[in-house]
Amino acid sequence: MASPVVPEEGILLGRASVPGVNHPAVVTVRDGALYDITSRVAPTVRDICEMGDPAGYVLRAEGSRIWALSDALSSSWGTEGSYQRLRLLSPIDLQAIKAAGVTFVVSLLERVIEEQARGDKAKADALRGEILSLIGTNLSELVPGSDTAMKVKETLIARGVWSQYLEVGIGPDAEVFTKGQPMSSVGYGADVGLHPMSSWNNPEPEVALVVSSAGSIVGATLGNDVNLRDVEGRSALLLGKAKDNNASASLGPFIRLFDGRFTLETIKAADIALNVTGEDGFVMEGKSSMSQISRSPESLVTATVGRHHQYPDGFVLYLGTMFAPVQDRGGAGKGFTHKLGDVVSISTPSLGTLSNRVRLSTECPPWTYGTSHLLRDLGKAGLL
């Protein structure tokens with residue numbers, strides 16, 4: 001049974017573009033409708049996430065009904081007249097956008113293949129078999145940084161297949177990188193962008209945690225950490241070019257805030273489903289089980305924020321994916337890559353469904369509304 005676009009229960013927080021309103025509205029869902037809860041107390045999503053009880057605040061906040069939820073969802077698709085119609089936006093605003101990489105065994109293997117293949121997808125199948133014969137399935141039971149993990153590392157170095165991806169996959173330090181800048185992410189129904197230089201790329205279906213400046217995990221949402229496999233495969237030093245492009249970070253449809261019924265344990269037990277449907281009739285489905293993550297969500301948050309690094313406006317943290325598509329598309333041995341027009345849907349019952357259409361980053365709406373624009377518009381509206 002497919003997950004609904006919006007979870008059937010829970011305290012939801014998001015943002016929307018509302019006709020006639022010059023600033024993004026902070027919204028929640030009540031009785032099948034979208035409510036505007038923007039106020040001087042909390043003019044941004046960031047402000048709510050910094051509160052001691054974000055869920056309690058949203059539950060009690062006064063608001064005005066602005067649209068039926070079903071109409072808001074359908075209106076969010078496409079780009080035509082996007083600034084003149086109601087549409088959902090990414091549910092975060094001032095938060096930093098961070099991501100953890102190589103947190104699942106399957107993802108770890110595919111990153112090694114990318115590196116060894118140097119971006120040549122024709123070599124991937126042969127490399128996959130060769131590397132699996134060396135490491136077997138023991139990596140699924142390894143605790144990163146443990147003595148056993150270090151022995152595996154020594155064995156792989158001796159056989160000439162050690163990789164920087166294996167270092168962050170089973171070594172003591174997690175990979176945490178900047179996925180995009182604050183205000184740059186896109187939401188449900190928006191186009192997601194691929195850099196035109198890429199010919200081998202894929203979606204990355206993930207859970208993203210919403211974390212306050214104090215390091216408290218206050219909620220979660222779904223994310224697509226759009227990835228250019230050929231670019232990162234040529235060199236890990238090209239991570240920024242592979243990951244941070246126009247419309248390459250998708251989040252939504254809403255943040256579900258933690259309360260008594262929805263907790264971090266819910267996230268740890270979640271299965272994340274992926275569906276890619278192409279205009280050519282191609283369909284790919286997959287699943288990523290959070291129970292298989294090799295580093296706990298708490299440890300990834302600790303690796304991101306602390307005395308070593310602060311985030312005054314909080315951050316959202318993509319947790320990584322175990323899903324790495326190998327299904328051939330366009331011929332035997334060619335593996336999976338996106339085609340323009342693909343619709344990517346990422347879902348789990350507790351968070352809903354995040355759907356986006358794939359375009360070139362150069363053809364997606366340019367990112368022109370940043371932090372300075374938001375603050376000016378909130379000031380003009382008397383909300384600051």
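## Lysine 98 and two helices

In this predicted model, the side chains of K98 and Y311 are joined by a polar contact of 3.4 Å. K98 lies in strand β6, which covers residues 96-101. Because its relative accessible area is 9%, below the limit of 20%, K98 counts as buried.

Leaving aside residues up to four places away in sequence, K98 touches V176, F177, T178, K179, T304, Y311, F315, V316, L317 and Y318. R359 offers another view of the position of K98: the two residues are 261 residues apart in sequence, and their C-alpha atoms are 23 Å apart in space.

One of the residues that K98 touches, T304, is also among the buried residues of helix α11. That helix spans residues 297-304, and its buried residues are P297, L300, V301 and T304. They lie on the same side of α11 because they cover an arc of only 100 degrees around the axis. In general, an α-helix has 3.6 residues a turn, so residues three or four places apart point the same way.

What covers the buried residues of α11? The covering elements include β6, the strand that holds K98, and those in the table below.

| Element | Residues |
|---|---|
| β7 | 175-180 |
| β10 | 205-211 |
| β11 | 217-225 |
| α10 | 264-268 |
| β16 | 315-318 |

A further helix, α6, consists of 12 residues, 147-158. From its first C-alpha to its last, α6 reaches 17 Å, which is close to the expected 16 Å at 1.5 Å a residue. After α6 comes G160, which has a positive phi near 80 degrees.

Conventions: Residues numbered from 1 in each chain as written. Predicted model: local features only at pLDDT ≥ 70, side-chain atom pairs only at ≥ 80, totals over all residues. Heavy atoms only, no water. Helix = DSSP H or I, 4+ residues; strand = E, 2+ residues; numbered from the N terminus. Buried < 20%, exposed > 50% of the residue type's maximum accessible area, 1.4 Å probe, protein only. Contact = heavy atoms within 4.5 Å. Polar contact = N/O pair within 3.5 Å; in protein donor to acceptor, adjacent residues only side chain to side chain. Expected span 1.5 Å × (residues − 1). Arc of directions from axis to C-beta.
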